[in-house]
Amino acid sequence: MAAWTAAARQASNLARLSSPKVASTPQSASLIHRRGLAGGGDHHGPPKVNFWQDPMSPSKWKEEHFVIISLTGWGVAIYGGYKFFTGGKKEKKEEKV
């Protein structure tokens, strides 16, 4: 996949170099590398880890794992509260003798 991306980028650069230039555009301006939005994420601070590698430090977890675990925790808390306050009502069956 990376090879295809590199080949496409190189073909794009060659096409840009071989196309006729406007006299007012300097050659060096057309050779500027433009990355666009290919930053690849936030690389500041300590590296993020999977939650099972360091379960007691949520600040080190990957963002996706933090969201999944937080939503699961809220779901369990809400469902548990519902079951607790409703008494887990069950149908009572009366037997006739």
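**A chat about a three-helix model**

Colleague: Happy to look at this with you; in which helix is the place of Phe66?

Modeller: This is a predicted model, where local features need pLDDT of at least 70, side-chain atom pairs count only at pLDDT 80 or more, and totals for chains, interfaces and linings use all residues. Numbering starts from 1 along each chain as its sequence is written, and side-chain values use heavy atoms, with hydrogens and water left out. Helices (H or I, at least four residues) and strands (E, at least two) are DSSP runs numbered from the N terminus. Phe66 sits within residues 63-86, which form helix 3.

Colleague: Thanks! How many helices and strands does the protein have?

Modeller: From the N terminus on, the order of elements is α-α-α. The count is therefore three helices and zero strands.

Colleague: Which element has the highest mean pLDDT?

Modeller: pLDDT is the predictor's confidence in each residue, from 0 to 100. Its mean over the protein is 77, and 63% of the residues reach 70 or more. Among the elements, helix 2 (residues 27-30) has the lowest mean, 62, while the highest, 95, belongs to helix 3.

Colleague: What distance separates the end C-alpha atoms of helix 3?

Modeller: The expected span is 1.5 Å times one less than the number of residues. For the 24 residues of helix 3 that gives 34 Å, and this agrees with the model because the end C-alpha atoms are apart by 34 Å.

Colleague: Is His65 buried or exposed?

Modeller: Buried means under 20% relative accessible area, exposed over 50%, and partly exposed in between (1.4 Å probe, protein chains only). Contact means heavy atoms within 4.5 Å, and beyond its neighbours within four places in sequence, His65 contacts Asn50, Phe51 and Trp52. Its relative accessible area is 16%, so His65 is buried.

Colleague: And which residue forms a salt bridge with Asp54?

Modeller: A salt bridge is a side-chain nitrogen of Lys or Arg within 4 Å of a carboxyl oxygen of Asp or Glu. A search of the whole structure finds one. Its closest N and O atoms are 3.6 Å apart, and the partner of Asp54 is Lys60.

Colleague: One last thing: why does Phe66 count as partly exposed?

Modeller: Phe66 lies in helix 3. Phe66 counts as partly exposed because its relative accessibility is 40%.
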